[in-house]
Amino acid sequence: MNSNEHWSNYWSQGAITSLSNDFKDNYEGAYRDFWKGSLIEVPEGFNALDIGCGNGALGLLFSELLPNKIGKVTGCDLAEVKLPQNKLNNNVEVFLDSHVNCEKLPYMPDSFDIVVSQYGIEYSCFDLSLREVFRVLRKGGKGIFFMHFESSIICQQAENTLKFIDKMNQLNVIPTVEEFCISLGELKDRNSLQLLKGNKESEIARGKLNKSLNSLMEFDKEEFHLLALPNVIKALMTEYLFIKVKDKLVLINDYSNSLSQQYTRLQDLKEAAIKELRLPNLLSFCEGLGFIVADCNEIKRANGDCLGWAMTLEK
């Protein structure tokens, strides 16, 4: 499984799912429906393992979807993760283990009734992680994995964002914003702003910035707003207008770093997504380990959008 500073930083911001732009809280809609149907046969007193757990989305779903059952969910992730304590119910205990590689799980054989993953296990080497799943599952246990799929709407959106950030870099947007802020100099109040009118340097910098922003808007208007670039520039020109230039550059650098980390996460996603040509080999490998492939199919929204590919294995 890949290393993880960019993921640790993401989870430290409090997101519960890896799709924080789509879900303010936990998974809903087709995701919730999938897991509700998948957990019907979970036994009383169950012990579950969630691989690539993030901040505990599936553990929290177990708690919500199984209100009349007692059980335990252990989540593990290679990144630093933390459970939002205020969202726990009493019926299901949820624990998260950070810095755990699912290719070498630190759990005893035959420990779990069910092993699950939502957009997690596919980031690993299946040759190693699925062997570990088989080892820690009890006889009769299930592995249920909802994974990124190359033709899903999630992967399409990731590709759009990656292309947009590439375009931003091609147009030197971040350096242009920095150049514009520097050209304004140290503004103390509205009077000092008035004195800038007609300043050749700032007008040239403003023109370059506007040209870059217009090009980005023409390239992809939706991504332009999704990545909050207009909000960043607006903040620099309003609430942060009169702070020191060096402090404005720090804010711009913070935004640039967040984009860079998002870019890396989306590259991870694209690389991890299941390729259709790999499916037969993957299923054959699972059967070779001793699993029964009980189910495998695309998971779609009601409108037909593919969200991923799910596989249910039985030991």
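Strands β6 and β7 run antiparallel and are joined by 8 bridges in this predicted model. Strand β6 comprises residues 292–300, and strand β7 comprises residues 306–314. One pairing along this ladder sets I292 opposite E314 in β7. The two strands form a hairpin with 5 residues between them. Within that hairpin, G304 adopts a positive phi near 95°.

Strand β7 also has a second partner. Strand β5, which covers residues 137–147, pairs with β7 in the antiparallel sense over 6 bridges. In this pairing, F145 has M311 of β7 as its bridge partner. Strand β7 thus pairs with β5 and is likewise bridged to β6. As for solvent exposure, β7 is mostly covered, with 8 of its 9 residues buried.

The cysteines form a separate topic. How many disulfides does the structure hold? The count is 0. C53 illustrates the point: the nearest cysteine sulfur belongs to C76 and lies 6.2 Å away, and C53 is in no disulfide. A disulfide requires two cysteine sulfur atoms within 2.5 Å, so the separation of 6.2 Å between the sulfurs of C53 and C76 does not qualify.

Is C53 buried or exposed? Because its relative accessibility is 5% and the cut-off for a buried residue is under 20%, C53 counts as buried. The same cut-off applies to C181: its relative accessibility is 1%, and therefore C181 counts as buried.

How values were computed
Residues numbered from 1 in each chain as written. Predicted model: local features only at pLDDT ≥ 70, side-chain atom pairs only at ≥ 80, totals over all residues. Heavy atoms only, no water. Buried < 20%, exposed > 50% of the residue type's maximum accessible area, 1.4 Å probe, protein only. Helix = DSSP H or I, 4+ residues; strand = E, 2+ residues; numbered from the N terminus. Pairing = 2+ DSSP bridges.
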